[in-house]
Amino acid sequence: MSSPHIAWNLLFATENGVAPRPGGPATFQTPTYAPSGWVGHEGPGIAWQYWPRSAATGLPMMHVITLVLPAEYRRKGEQYPAISFFAGEGQFAPEPIQGDASSADPFLRDLAAAIEHPALHRRRDLIDGEFALLWLTAEALAGGPTAPSPDLRAAGTWIDDSEGCNAWDERAPRSDVWLVPRADPNAGIVPQEFSDDEPAIAGYSNPFDAQSNFQPWAEPLLGMSHLGGTTFPVQGLPDGLTPWYLELEEIVGLNFGGDGNAQIDLESDTFDWACG
């Protein structure tokens, strides 16, 4: 019996169609329906003071993707039909920089005016890199794409040496994103990591055969950013992953150590990434 749930691949606009990577060679025709979001440096329709800042560097985080979610992936309720994901400082972040409303430095004045968005959920990895998930109302979604404020740093100041990323130094062009149904037997099922002859949990299908080769249905799914279904973590399944997660490959400035990917759960708040 087929699952009543649907998993979705993310396909990105290219010059002549859509592809698993923004700017890559087109591998599919552009869908005839409207896109479900965008990637690139332009973010959602939120006021600048709410744009997420890296906790240590104070720099605005890099917008990665804004995505309208299918109904069953709206795990915070219908009042939040979409998400934006941001990446920020890296493992070598300095001591936290404090804003100063009375400073002569426009960057410090701007930082002092920054406000934490009430629907922002921060994520930190094992090497202290910072990421953030912002749940969007329909109004915030409709107000985008919105470019970040112009760079307020004086030349040679507030240089990001954290090995992270920010909205001013990474300027990936905007590219539309489509959600396309994914032929995936594990849609709506809690992901499982198999070892030896471990039985499936609640019908989760092993993407590998007994010789550790990909099953015919699984191989076309590898390397695709996607919502739900079969997960392909590079170095092990993160604890607490539910069926309602986003798996992102290294797109638009994301650095998961080279050939890595990340799992961002929309229900349990699990977050993890690993390099290839």
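User: Ok, so a strand here is a DSSP run of E, at least two residues, and strands are numbered from the N terminus. With that settled, where is Arg 182 found?
Analyst: Arg 182 sits in strand β8. Keep in mind that this is a predicted model.

User: Is Arg 182 buried or exposed?
Analyst: Arg 182 has a relative accessibility of 5%, so it counts as buried, the limit for that being under 20%.

User: And what does Arg 182 touch, leaving out residues up to four places away in sequence?
Analyst: On one side of the list there are Ala 7, Trp 8 and Asn 9. The others are Leu 221, Met 224, His 226, Gly 228, Thr 230 and Phe 232.

User: Ala 7 caught my eye. Which residue of β8 is its bridge partner?
Analyst: That would be Arg 182 itself. The pair belongs to the ladder between β1 (residues 7-13) and β8 (residues 175-182), which is antiparallel and has six bridges.

User: Which other strand pairs with β8 in the antiparallel sense, over three bridges?
Analyst: Strand β3, residues 37-39. Within that pairing, Trp 38 stands opposite Asp 176 of β8.

User: What do side chains do along a regular strand, in general?
Analyst: They alternate between the two faces of the sheet.

User: Moving along from β3: where is His 41?
Analyst: His 41 is in the loop that links β3 to β4, with β4 covering 62-68.

User: Buried or exposed, that His 41?
Analyst: Buried: its relative accessible area is 14%, and the cut-off is under 20%.

User: What is His 41 in contact with, beyond four places in sequence?
Analyst: Trp 51, His 63 and Pro 148, for a start. Then there is a run of Glu 170, Arg 171 and Ala 172.

User: Let's zoom out. How many helices and strands does the chain have?
Analyst: Two helices and 12 strands. Read from the N terminus, the order is β-β-β-β-β-α-β-β-α-β-β-β-β-β. The radius of gyration is 19 Å, close to the 19 Å that the globule rule gives for 276 residues, so the chain is as compact as a globular protein of that length.

User: What does the C-alpha trace span along its principal axes?
Analyst: About 65 × 40 × 35 Å.

User: What share of the residues is buried?
Analyst: 48% of the 276 residues. As for contacts with a separation of 6 or more, 63% of them join residues 24 or more positions apart.

User: How about the surface, what does the accessible area come to?
Analyst: About 12700 Å², with 52% of that belonging to carbon and sulfur atoms. On the charge side, the chain carries 13 positive and 37 negative charges, and their mean positions are 9 Å apart.

User: Now hairpins. How many bridges join β6 to β7?
Analyst: Five, and the two strands run antiparallel. One of the partner pairs is Arg 124 with Glu 130 in β7. The two strands form a hairpin with five residues between them.

User: Which residue in that turn has a positive phi?
Analyst: Asp 128, at about 70°. Asp 128 lies in the loop between β6 (120-124) and β7 (130-136), and at 43% relative accessibility it counts as partly exposed.

User: What does Asp 128 contact, neighbours within four places aside?
Analyst: Glu 89, Gly 90 and Gln 91. Phe 92 is 36 residues from Asp 128 in sequence, yet their C-alpha atoms are 8.0 Å apart in space.

User: What about Asp 259, what is its phi?
Analyst: Positive, about 55°, although Asp 259 is not a glycine. Asp 259 belongs to the loop between β10 (245-249) and β11 (261-265), and it is exposed, with 68% relative accessible area.

User: And Asp 269, where is its place?
Analyst: In the loop from β11 to β12 (271-274). Asp 269 has a positive phi of about 70° without being a glycine, and a relative accessible area of 32% makes it partly exposed.

User: Last one: which peptide bond is cis, with omega near -5°?
Analyst: The one from Gly 144 to Pro 145. Pro 145 is in the loop between α2 (138-142) and β8, the strand that also holds Arg 182.

Terms used. Residues are numbered from 1 along each chain as its sequence is written. This is a predicted model: local features need pLDDT of at least 70, side-chain atom pairs count only at pLDDT 80 or more; totals for chains, interfaces and linings use all residues. Side-chain values use heavy atoms; hydrogens and water are left out. Helices (H or I, at least four residues) and strands (E, at least two) are DSSP runs, numbered from the N terminus. The radius of gyration is taken over C-alpha atoms; the globule rule is 2.2 Å times the number of residues to the power 0.38. Buried means under 20% relative accessible area, exposed over 50%, partly exposed in between (1.4 Å probe, protein chains only). Contact means heavy atoms within 4.5 Å. Accessible areas come from the Shrake-Rupley method with a 1.4 Å probe; for residues, only the protein chains shown count as cover. Lys and Arg count as positive and Asp and Glu as negative; His and the chain ends are not counted. The place of a charge is taken as NZ of Lys, CZ of Arg, CG of Asp or CD of Glu. Two strands pair if DSSP finds at least two bridges between them.
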